[in-house]
Amino acid sequence: MGKIIFILGGVKSGKSNFALKIANVERASALQSKKEKNVLFVATAQPTDLEMRQRIQKHKKQRPKNWETLEIKNTLSEIYEKKFDTVILDCLTIFVSNCMLLGEAELYIAKKTEDFLVEAKNLNKTIIIVSNEVGCGIVPKNKLARAFRDVLGNVNQVVSKFADEVYLMVAGNAVLIKSKKYRG
């Protein structure tokens, strides 16, 4: 049975660093039990301009060199085909943005995310999903920004429903807000 860990937080709250730490802990504990765990990093950012290309390069340098990177835009099904024990999807925020920019409807985006999560639960993998928490900000001034906030907020709720653990990052601190191991 797969395990889903969901990490939410604001911009620069430490989400990605925390995801890397969890993956490294998973891998270290596996090495102690003499079982190698492979990590797949699924990147959703598109190198659309110089500044974004620089950000992507910076993130690549933070990851261990033995991790494989899969770059996706708006599909998650490629992840099923990969033979990895731990997968980091960083980040759901940009994945949803990519889908919306391609004209995909909210219900379709939520449904394909849910389909991915159902499949992920059936895989023997740890899936770490990173996303921005968009519900704490002000109501955006323009219609597209409001639509994006609403779609991502709803998709975040779908992921949270399936997640075994949910963390909220605040100024580099991980606050556990859901854990199935503590439920009766």
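In this predicted model, K12 sits in the loop that links β1 to α1 (15-32). The backbone does something a bit unusual here: phi of K12 is near 60°, a positive value in a residue that isn't glycine. Most residues other than glycine have a negative phi, and most peptide bonds are trans. K12 is also exposed, with a relative accessible area of 65%.

A171 tells a similar story. A171 belongs to the loop between β6 (165-170) and β7 (173-179), and phi is again positive for a residue other than glycine, this time near 50°. A171 counts as exposed because the relative accessible area is 69%, over the 50% cut-off. One more backbone oddity turns up at the peptide bond from D90 to C91, which is cis, with omega near 10°. C91 lies in the loop between β4 and α4.

Now for the inside. The largest nonpolar core has 33 residues, and L92, V96 and I129 touch the most other members. At least two residues of this core come from each of β1 (3-9), β2 (39-43), β4 (86-90), α4 (92-101), α5, β5 (126-132) and α6. The top contributor is α6, with six residues. There is also a second, separate core of 17 residues, with I5, F18, A43 and Y167 among them. Back in α4, and leaving aside neighbours within four places in sequence, V96 is in contact with I109, F148, V151, L152 and V155.

Two helix pairs involve α6. Two packed helices are described by the angle between their axes and the distance between the axes. For α4 and α6, the axes come within 10 Å and cross at roughly 125°, so the two helices are oblique to each other. Their crossing is right-handed. On the α4 side, the contact uses L92, T93, V96, S97 and M100, while α6 brings L144, A147, F148, V151, L152, V155, N156 and V159. Sorted by type, the residues of this contact are 10 nonpolar, three polar and no charged.

Helix α5 (residues 106-122) meets α6 (residues 143-162) at another angle: their axes also come within 10 Å, but cross at roughly 20°. That is under 35 degrees, so α5 and α6 are roughly parallel to each other. Here too, the crossing is right-handed. From α5 come E106, I109, A110, T113, E114, L117, V118 and K121, and they meet D150, V151, N154, V155, V158, V159, K161 and F162 in α6. The residues of this contact divide into nine nonpolar, two polar and five charged.

Definitions and conventions: Residues numbered from 1 in each chain as written. Predicted model: local features only at pLDDT ≥ 70, side-chain atom pairs only at ≥ 80, totals over all residues. Heavy atoms only, no water. Axes fitted to C-alpha atoms, helices over the stretch in contact; angles between N-to-C directions. Helix = DSSP H or I, 4+ residues; strand = E, 2+ residues; numbered from the N terminus. Parallel < 35°, antiparallel > 145°, perpendicular 65-115°, else oblique. Left-handed = near helix turned anticlockwise from the far one by under 90°. Contact = heavy atoms within 4.5 Å. Nonpolar A, V, L, I, M, F, W, Y, C, P; charged D, E, K, R; others polar. Core = buried A, V, L, I, M, F, W, Y, C linked by side-chain atoms within 4.5 Å. Buried < 20%, exposed > 50% of the residue type's maximum accessible area, 1.4 Å probe, protein only.
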